[in-house]
There are 2 protein chains.
Amino acid sequence: MSKTNAFYAQSGGVTAVINATACGVIETARQHKDRIGKVFAGRNGIIGALSEDLIDTSRESARAIAALRHTPSGAFGSCRYKLKSLEESRHEYERLIEVFKAHNIGFFFYNGGGDSADTCLKVSQLSNSTGYPIQAIHIPKTVDNDLPVTDNCPGFGSVAKYVAVSIREAGFDVASMAKTSTKVFVMEVMGRHAGWIAAAGGLAAEKPGDPPHIILLPEVVFNEKRFLAKVEKSVNDYGYCAIVVSEGLRNRDGQFLSDVGTRDAFGHAQLGGVAPVIAALVNRELGYKYHWAVADYLQRAARHVASKTDVEQAYAVGKAAVQFALQGKNSVMPTIVRKSSKPYRWSIGATRLARVANVEKKMPRNFIDKEGFGITARCRTYLEPLIKGEDYPPYKDGLPQYVQLKNIGVKPKLRPFEL
Amino acid sequence: MSKTNAFYAQSGGVTAVINATACGVIETARQHKDRIGKVFAGRNGIIGALSEDLIDTSRESARAIAALRHTPSGAFGSCRYKLKSLEESRHEYERLIEVFKAHNIGFFFYNGGGDSADTCLKVSQLSNSTGYPIQAIHIPKTVDNDLPVTDNCPGFGSVAKYVAVSIREAGFDVASMAKTSTKVFVMEVMGRHAGWIAAAGGLAAEKPGDPPHIILLPEVVFNEKRFLAKVEKSVNDYGYCAIVVSEGLRNRDGQFLSDVGTRDAFGHAQLGGVAPVIAALVNRELGYKYHWAVADYLQRAARHVASKTDVEQAYAVGKAAVQFALQGKNSVMPTIVRKSSKPYRWSIGATRLARVANVEKKMPRNFIDKEGFGITARCRTYLEPLIKGEDYPPYKDGLPQYVQLKNIGVKPKLRPFEL
């Protein structure tokens, strides 16, 4: 059998476990040195391929690669860069082939979300259109959990756990302050157009009255009057109200709540932050003292409280991607297949990339309760296994020890390329 | 020896480990049943004493009390309520004595920060002025770390650890996104007028270039020009810039940066949030893409990533408070005494309350580097041991198992009291 090199790149927003996937890819490739030569990583994602800025992962020790499993973020750098259609930017695709040829790359592993799946699909089609033999495998990753076909997405379980743990802890805090001080607490979480991350906050509530009392999902149009009534009822019934709000929350005009025209002292638009908007609304209309938090990157980088299930799945899809490649597959993505929820059992499946690219999976209606402010038992059954298990990184002097790779570049062989 | 009951109350903002102190108080008291009858806890702090709303902690199992050690927030409720001077509100102090008498309370344990120390001092003086024998012991607690005499304050070590871990993780995230996306990340932390919490973020940086690159302390007047130059240099040198900013940051006029007159779309003042102000400034002046986070309650409630040192010290001051009471002490506070930094060794000392009440300990100048944007080696030596060690709570189904006490009330014996 012939032996070619592999290319691996991280794409889009990073997660607490995308490096566990990188670890799965590299460790598995190293076990098949008869078939796979080196694994080159793109420095800053696909940009590294276009600009021939390749990292030679063979220069990293087994120990450093193993440490990727417990290191958050993208060890090789990621990017937000979407290749256009073949017609619109043929020169970019031609450049990719040129770089692949120059470095004898026969396997293309692209680790990202929906946009990346689309890019990967296009690369997979180059094999036919150009005659250059390249097998393109997409590896799922997104905290937003919005990829279709796969039961869930690596990266989501850990942010879900972070959000559930955080709102439970902050809920305890507010409960103890509510008598004379803060009565309403608002925590903003990520998720874009999909409410998966916000919904995960609901796992913290095990019995009626437990926080969070309200979850504001992008799938449900924000109704100010009903929301305020619910806040008031929660404060009356439990003494306080803990709220999880998704950054993607919109009003009935389709406007983001976080973008309703707030201005700073100089009249400049104040970007981002739906939590302060919700908190100020509560204060204005109901007079309650409030606090708010915006977790932002903290939530998706929180490897210290990662889900063990998530880490294992992130590793498994990386490993499976290499196995698929060795089986001669092209234009596929490993998926997570749920075999049972209680007890939780899963395996790795495969799907054609054409089924994944540019499809966004939102929360199904039956995961959202009638009022629209909480999750159903069905949703809980789905979410619960994904946050299960702890997988702590090693600590030294009180801090988690994350690896920083050497990231030694490969000498370019081609002329520079204008991005 | 006579046997009397004890009163314990939690005051002010709660922490990840104030319940560990409660655990220390109650477990130690239970070991001395010959001298201490019951431990009554104030429901919602001192308000519980004034309103004769006492919780009978003897109704809680040993297991539930032990679980307080790993449960964040105030298990009996806290409050923000400061008693005025004896002259101004004599009726409140008289009421306290009345409640103490009615429930045979001879020991008063007050668990809080600077304000509470003042209240506790006044209560300790009641013994002389009223002839009613009460021993008042203050037990230190504050995430702000701003109490004098004691080397550090229980509650601080855990929030310090949370902040250092979080900015390390978010720093890794930004580093991997910086090529095409976010270049500047701003994380806002607590600490009021003292920069201790923000300074703790500096522990994440072990070598030049590590995040955070800038720490904005309330002890250093914000200089926009120098700040922007430093941001630009960091982005040029390292590709990105991670910033920790204290909520108490002020400009040269003494104004809080978080309160520079931001208005929402309706013209209402938008409260809180120095992080978005800093982020917007960076974007406006330098054009960098940014993200920001406001950790708020998440940081002080984060028992899941508590410092083991902090948990042990929180327990120890609770235990010591009871021992001091049994030794006949009044008007004192247990302190943490540092005997050595490397290796870290500490013991429990005692100080007179008069030395503590209403004194605020800020960061010493030699803990802040020359530029004013970072911490010195001396500061690092001070902070490092305080975040050392992990002390994970038990988990079930992916979530930490925190205890909710029964909190059974004691039947009131007196007439109601108007607060």
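I looked first at how the two copies meet, and found that 99% of the interface residues of chain A are also interface residues in chain B, so the copies meet through the same surface; I took two residues to be in contact if their C-beta atoms, placed from the backbone, lie within 7 Å. The model is predicted, so I note that local features need pLDDT of at least 70 and side-chain atom pairs count only at pLDDT 80 or more, while totals for chains, interfaces and linings use all residues. Residues are numbered from 1 along each chain as its sequence is written, and chains are lettered from A and ligands numbered from 1 in the order in which they are written.

I then looked up who takes part: 70 residues come from chain A and 69 residues from chain B. Among the elements giving two or more residues to the side of chain A are helix H9 (274-286) and strand S9 (290-294), with helices (H or I, at least four residues) and strands (E, at least two) being DSSP runs numbered from the N terminus. H6(A) gives the most to this side of chain A, with 13 residues.

Next I checked the symmetry, and chain A can be laid on chain B with an RMSD of 0.0 Å by a turn of 180° and a shift of 0.0 Å along the axis, the superposition being by least squares on the C-alpha atoms of residues with pLDDT of at least 70 in both. That is the relation of a two-fold axis, and in chain A the C-alpha nearest to this axis belongs to A:Val294, 2.5 Å from it.
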